[in-house]
Structure formats: C-alpha cells, structure tokens
Amino acid sequence: MEHDAGAETERLQTTMHCGAADDEGSLFFFGGQSGTEAQNALSMFRTRSRQWQVLHHGEGTAPSPRLLSSMAVAQHKVFVFGGCGEGDVEMNDLWAFEPYAERWVCHSVDQALGSPPARAGHSIATVNEVLFVFGGSAAEEVFGDLWENQVSSAVRSEWRLVQTVGRRPCARTGHTCVVLGTRLFIFGGESKSSDGEGRLENDLWQFDVILREWKCLSAALPDVVTVIPEPRCGHCCCAIGSLLYVFGGSNILGDATGMSGADVWAFDVEQLEWALLLDHTSQMSSEEEDSSTGTMALLPSPPGLCY
C-alpha cells in the first residue's frame, strides 16, 4: 500500500489506540487517548525509512475521536471498527481509509442482515480479504460473538454472524486475535464468571475459517505443562511463521493500563508448546536495579523451539 512520502510529521503520544500492518512494510495507527482527550488522527510508520507520517488529522469526514477500537488492512484500505467515544459511548461504525485518495469513507450497513452491536476492546482480523470481528464489551455486557464482513462494496457493508461448530471461547474483551493462514488465534482477555465477577484469561483458541470450527489449544496441551503465560488483558500478540508472540499486558481486573510486566512468550502452533523468551522478573545487576527504565533478561529457548 504505497503512499507518497512526505516530510516526517509531528505525532501525538497515545494509549489505547489501534494499529495494523500491510504487506509492504508500513504500520498504521489510529485514535487512542492523549492526555485526557480521545483522538482520531491516522498515522503511518514506514519500517524501511523509519519515518512517521500523519495521513489524516481527523478533520472533516473521518471517524469520531475514540479509543479501544480495532484496525485491519484489506483490499489496499485501512479499516477501523467500533471503539469508545465521547461520553464513554461504544460504537459499531465501520470506516475505510483510502490512501491513494487520502480520504475516509463510512460504510453503510444493510440493516436487514444486522450488524455487530456497538462495542470496544474487541478484535478484528483479515483472512482472504474478509474482516472478522470477535468479542469486546459495552457497558456491563461482554461479547463472545464472531462476525464477518466481505466488504464487497466501496461504501456498503454486509455483516454476517458466523455460525460455528465446536465449543466456543467465553465472551471476553481486551484479548488479542492474530492470523496464520486461514486460522484465527484468540488469546487472553477479561471475561465474566458465572456470578458476574470479572476474570482474567490465559487460554488460547483457534478458529478455522474454512471449517468454521473452534478449538481450544490450551486444552490440547499435555497435563505436565506448567510453563504458560499468566492471565492478562490489554497485551499484544503477533504471528511470525508458525509462532505466536505475546508481550506484556495487565493483570489488574478492569484496568487495561495496569502493567503486569514486560515478559515475552512464544507459542508454537505446530508443536503446541509455550516458551518464555523474556522474563521481567529475572535477576538484575546492581547497575540495572538503579535504572528507572528497568530491564528484561533473555532466556534460552527450550529444546525443539527455534527463534
């Protein structure tokens, strides 16, 4: 998704924004919170030239300022769905940014087919140019539904609730979703127990888009496995090859900004093995203990896993 490079521009420091990458080495970031204000600027970071560029400052036709939305790249466009806006109101609008035209387009929805309820803290991912939205929350409700959108029109969307087979993951928010081939992988997040109390998760689920089938990979782990990530939400996850990498997050219920640490984990989806790569609890030298930024220690990879 090439875009004419301009001069490096000033960018806001934000939290609770959303981001995605294209296949040409560009990273896109939208919205979030800067100070106490929600934002709606769209920025791009070029990994090759290491330059930032603000693609749209949010004026005129654009998504309203929001945080905890989700983003995906498909059909040479940047899609943003939902999030929490002014007055802590959740939304379910779908926007597409067209880099060549430098404009935002809001997709209308076929109400006869329905659409995902308004939400924030959900995930969105792309498989074969189709958007998939899972989970999220609104007010006191937490969602566990899965929706798809083929985005076959430039301005119109048709959402469909995916009918799945197999045991499904519990409803959750603040989780992550990544793609390997035609499979979605859902990890962690915050859910609610049967008595309505919040609960952090550390389970890993796979959804096969072709078979429409859920599978709990955590349940497939050998009983002797004891090295797994602690429950968390607000973390991040990415996929490289057959490995899923999980970083950080919060272990504080109801606070996605609470830091649980800077640990890095890898899960091999072929071998069904977790490995701890960086441990924030590792011993530090006296000089490192004096550092205000802290440190992370590199741990050796276990046998059978190569990174």
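Among contacts in the protein chain between residues at least 6 apart in sequence, what percentage join residues at least 24 apart? In this predicted model, the share is 49%. The secondary structure of the protein chain comprises one helix and 26 strands, and 47% of its 307 residues are buried. The chain exposes about 15,400 Å² of surface, of which carbon and sulfur atoms supply 50%.

**Strand β15 and its partners**

Strand β15, which spans residues 146–149, is covered on both faces, with Leu146 and Glu148 buried on one side and Trp147 and Asn149 buried on the other. Strand β12 (residues 130–134) runs antiparallel to β15 and is joined to it by four bridges, and within this pairing phenylalanine 132 stands opposite glutamate 148. Strand β17 (residues 159–161) also pairs with β15 in the antiparallel sense, here over three bridges, and tryptophan 159 of β17 is the bridge partner of asparagine 149.

**Aromatic contacts**

The structure holds 12 aromatic pairs. One of them joins phenylalanine 29 and tryptophan 52, whose ring centres are 5.6 Å apart and whose planes meet at 45°, a tilted arrangement. Phenylalanine 29 belongs to strand β2 (residues 26–30) and tryptophan 52 to strand β6 (residues 51–56), so that the pair links parts of the chain 23 residues apart. Phenylalanine 29 is partly exposed at a relative accessible area of 27%, whereas tryptophan 52 counts as buried because its relative accessibility is 18%, and the cut-off for buried is under 20%.

The rings of phenylalanine 30 and tryptophan 104 also have their centres 5.6 Å apart, but their planes stand at 65°, and the pair is therefore edge-to-face. Phenylalanine 30 lies in strand β2 and tryptophan 104 in strand β10 (residues 103–109), 74 residues apart. Phenylalanine 30 is buried with a relative accessible area of 0%, and tryptophan 104 is buried at 4%. Ring pairs further link Phe30 and Trp104 with Trp95 and Phe97 into a cluster. In a contact of another kind, arginine 119 lies over the face of phenylalanine 143, at 4.2 Å from the ring centre.

**Salt bridges**

There are 11 salt bridges in the structure, among them the three in the table.

| Basic residue | Acidic residue | N to O distance |
|---|---|---|
| Arginine 172 | Aspartate 203 | 2.8 Å |
| Arginine 199 | Glutamate 201 | 2.8 Å |
| Arginine 232 | Aspartate 263 | 2.8 Å |

Arginine 172 sits in the loop between β17 and β18 (176–180), while aspartate 203 is in strand β20 (residues 198–208), so the bridge links parts of the chain 31 residues apart. Both arginine 172 and aspartate 203 are buried.

In the salt bridge between arginine 199 and glutamate 201, arginine 199 is partly exposed at 37% relative accessibility, whereas glutamate 201 is buried with a relative accessible area of 10%.

The salt bridge of arginine 232 with aspartate 263 ties together parts that are 31 residues apart in sequence, because arginine 232 lies in the loop between β21 (213–216) and β22 (236–240) and aspartate 263 in the loop between β23 (243–247) and β24 (264–268). Aspartate 263 counts as buried at 3% relative accessibility, and arginine 232 is buried with a relative accessible area of 0%. Elsewhere, Lys77, Glu98 and Arg103 are joined into one network by salt bridges that share partners.

How values were computed:
Residues numbered from 1 in each chain as written. Predicted model: local features only at pLDDT ≥ 70, side-chain atom pairs only at ≥ 80, totals over all residues. Heavy atoms only, no water. Buried < 20%, exposed > 50% of the residue type's maximum accessible area, 1.4 Å probe, protein only. Helix = DSSP H or I, 4+ residues; strand = E, 2+ residues; numbered from the N terminus. Pairing = 2+ DSSP bridges. Contact = heavy atoms within 4.5 Å. Areas by Shrake-Rupley, 256 points an atom, 1.4 Å probe, with all protein chains shown as cover. Phe/Tyr/Trp six-rings, centres within 6.5 Å; stacked < 30°, edge-to-face > 60°. Lys NZ or Arg CZ within 6 Å of the ring centre and 35° of its normal. Salt bridge = Lys/Arg side-chain N within 4 Å of Asp/Glu carboxyl O.
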